[in-house]
Amino acid sequence: MSSFNWFNRQYENQPAEAEPEPQKDAAPAPESQASADAAAGEAAIAQDYLAWAKSAYKNIQKRQQEAAVVTAPATAIEPETEPATTDEAALGAAQSAAARETALKPAEAVAPSGLSTAAAPETLPETAPETAPETAAPPLPFWAQAEAERQARLEQLKAEAAEAAAEAEKLAPEAASPTDSAPEPDLPLDESFLWSAQVLASQGRRADQVDLEEITWLKRLRQGLDKTRRSLVNQLRAIVGQGPLNQDAVMEIESLLLQADVGVEATDLIIERLQDKLRQESLPPEAAIAYLKQILRDMLDNPGGKPISPTFAPEKDTLNIWLITGVNGAGKTTTIGKIAHIAQKSGYKTLIGAADTFRAAAVQQVKVWGDRSNVEVIANPGKNTDPAAVVFDAITAAQARGTELLLIDTAGRLQNKKNLMDELAKVRRIIDKKAPDARVESLLVLDSTLGQNGLRQAEVFSDAAQLSGVVLTKLDGTAKGGIALAVVQQLGLPIRFIGAGEGIEDLRPFSSYEFVEALLSG
C-alpha cells in the first residue's frame with residue numbers, strides 16, 4: 001500500500017455545508033420549536049456521521065486487505081513443488097520427474113535376480129528398468145508395467161503438491177482466502193475514530209478518500225490537546241449560553257484563555273468578538289462554542305489580519321529552500337528529519353544541509369535523521385566550519401542535482417546572543433545571493449511548552465532570519481495549545497507544521513480547522 005501524501009492532501013479549513021453550525025442562521029422560529037428542530041437536525045447529522053465513519057472504516061479495511069493480498073504471495077506461498085499449481089502443470093512435472101527417477105534408478109532395484117549390479121547396465125537393454133518386475137506377482141506386459149509406474153509416481157507427486165499447498169495456506173490464510181478474514185485496521189472503530197471521521201467529513205471529504213494515517217494523526221493531535229481542551233470546554237460551557245456576557249463572565253473567559261497561553265492580544269480580540277455576537281442574539285452553549293470555534297479559525301487563517309493559503313507545500317520542479325531556526329532544545333533537527341520524511345513520501349527530490357556546526361554531534365544527529373527519512377545530507381566534516389560555507393555548498397549541490405526541497409539546519413541560539421544572530425542573518429544573505437530564484441521559507445521551531453517565552457524568542461528571530469512561518473513542537477499533552485493563537489496574533493506569522501510526539505510520523509502540516517476541533521470539541 002502506497003504512503004499517504006500529506007503535502008498534496010485535500011482539506012478545507014472551514015466546515016462543509018452539512019455541519020450543524022451554519023444551521024443556526026435559519027429563519028427565526030418559536031423557541032421551543034427551534035430547540036426541537038435543532039435537536040432533530042443534530043440527531044440526523046450524528047447518524048449521518050456514524051454511517052460515514054463506518055463506511056470510511058470499511059474502506060480502510062479493504063485497502064489493508066488488498067495490500068495483504070499483494071504482498072503475501074511473495075513471502076508465504078513458496079512450496080517446494082512449485083509446478084503443482086494446476087492439473088496440467090502437475091501432470092507435466094510428474095511425467096518429467098518419473099522419467100528422471102526411472103533413468104537414474106539404481107540397477108539393483110530393476111535388475112532380475114541373479115544379476116549383479118555391475119553387470120546389469122551391460123547386459124540389459126535401455127528398456128529393462130521399465131520391464132523388470134518389482135514384485136512376485138506374474139509379470140505384466142512392458143507397456144502395462146510402465147503405465148502403472150507412471151500413474152503411481154503421478155499420484156505421489158500430486159499428494160506431495162497438495163500437502164505443500166495446504167501448508168502454504170496455513171502460513172498465509174489471508175492470501176489464500178482474502179474474503180474470509182479481513183485484517184482489522186490498526187485503530188479500532190471507537191470514539192476516537194468516530195471523532196476523527198467526523199472532522200474529516202465536516203471538511204467535505206468522502207469516505208473513500210480517508211487514509212488511516214489521517215485518522216491516526218487526528219487521534220494523536222486530540223490527545224496532545226486533551227489537557228487544554230478539558231479545562232477550556234467544560235468551563236466555557238458553564239459561562240456562555242447565558243445571554244450577553246456580563247463583566248464577571250468576561251473575566252472568567254479571559255482567565256481561561258490566558259491560562260491556555262492564548263496571550264493578552266488574542267484574548268482581547270476573542271472576548272470582543274464573542275461579546276459583540278452575544279449582544280445581538282442569545283445563543284445556547286453549543287452554538288456559542290461553535291461561534292467561538294469560528295473566531296479561532298479566522299484568527300489562525302488570517303495571521304496579522306492577512307489571509308494565507310491553507311496549504312503549505314514546496315513548489316514542484318523548482319528549488320525551494322527552507323531555513324529552520326530556533327533555540328537549543330526546541331526540536332530543530334528532529335523537525336528537519338520529519339519534514340524530510342514527509343517530502344520524500346510526497347515525491348519531492350530532497351536534500352538536507354547540515355549548517356549547525358556549533359553544537360557537538362549536531363551533524364551526526366542530522367545524518368541519522370537523514371538516514372531515517374532516506375534523504376542525503378550535505379555536511380562539512382571539519383570542526384567549527386563556517387555555517388554560511390556549508391549553506392553555500394548545499395545550495396550548489398541542490399542546483400546541480402535538480403533538488404526541489406533543500407532543508408537547512410542551523411545552530412540553536414538564544415535570542416540575546418547577538419553574534420549568533422548576526423551569523424544567522426549572514427546565512428540568509430548567502431541564500432538570497434546564491435539562489436535568487438529559489439522559493440525561500442524561514443521557519444521558526446517553537447517549543448509549545450515554553451508559552452509566552454517562545455514569543456519573545458520569535459520576535460528577535462523574525463528580524464534576523466526574516467521569518468515566514470512557525471513550527472509548533474512538543475504538543476504532546478503537557479503544552480497549552482493556546483500558544484498557536486498568540487503566535488498568529490502577536491507575531492503575524494502562520495503556523496505551518498505542528499508536532500505531537502517524538503516519532504517520525506508525529507509532525508504534520510497545520511490545519512486550523514482540525515486544530516480548533518481538537519482544542520474545543522468535547
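Okay, quick one to start: which residue lies over the face of Trp369? It's Arg372, at 4.3 Å from the ring centre. Before I go on, remember that we're looking at a predicted model.

There's another charge over a ring here. The charged end of Lys316 sits over Tyr348, with 4.6 Å to the centre of the ring.

Tyr348 also brings me to the aromatics. Searching the whole structure turns up eight aromatic pairs. Take Phe312 and Trp322: their ring centres are 4.8 Å apart and the planes are at 25 degrees, and since planes under 30 degrees apart count as stacked, this pair is stacked. What I like is where the two partners come from. Phe312 is in the loop between α12 and β1, while Trp322 is in strand β1 itself, ten residues apart, so to speak of the pair is to speak of a link between distant parts of the chain. Both Phe312 and Trp322 are buried.

Now compare that with Phe510 and Phe515. Here you get 5.4 Å centre to centre and 50 degrees between the planes, and that pair is tilted. Phe510 and Phe515 are both buried too.

And back to Tyr348 for a second: ring pairs tie it into a cluster with Phe7, Phe312, Trp322 and Phe497.

Okay, helices. Let's do α9, residues 226–239. It has 14 residues, and from the first C-alpha to the last it reaches 20 Å, close to the 20 Å you'd expect at 1.5 Å a residue. Which residues of α9 are buried? Those are Thr228, Arg229, Leu232, Val233, Leu236 and Ile239. They cover an arc of only 135 degrees around the axis, which puts them on the same side of α9. If you want the background, an α-helix has 3.6 residues a turn, so residues three or four places apart point the same way.

Flip to the other side of α9 and you find Lys227, Arg230, Asn234 and Ala238 exposed. As for what the buried residues pack against, that's α8, α10, α12 and α19.

Last stop, α15, residues 387–401. With 15 residues at 1.5 Å each step, this helix should span 21 Å, and its end C-alpha atoms are indeed 21 Å apart, so the two agree. Its buried residues are Pro387, Ala388, Val390, Val391, Ala394, Ile395, Ala397 and Ala398. Right after α15 comes Gly402, with a positive phi near 70 degrees.

That's my tour, thanks.

Note on methods: Residues numbered from 1 in each chain as written. Predicted model: local features only at pLDDT ≥ 70, side-chain atom pairs only at ≥ 80, totals over all residues. Heavy atoms only, no water. Helix = DSSP H or I, 4+ residues; strand = E, 2+ residues; numbered from the N terminus. Expected span 1.5 Å × (residues − 1). Buried < 20%, exposed > 50% of the residue type's maximum accessible area, 1.4 Å probe, protein only. Phe/Tyr/Trp six-rings, centres within 6.5 Å; stacked < 30°, edge-to-face > 60°. Lys NZ or Arg CZ within 6 Å of the ring centre and 35° of its normal. Arc of directions from axis to C-beta. Contact = heavy atoms within 4.5 Å.
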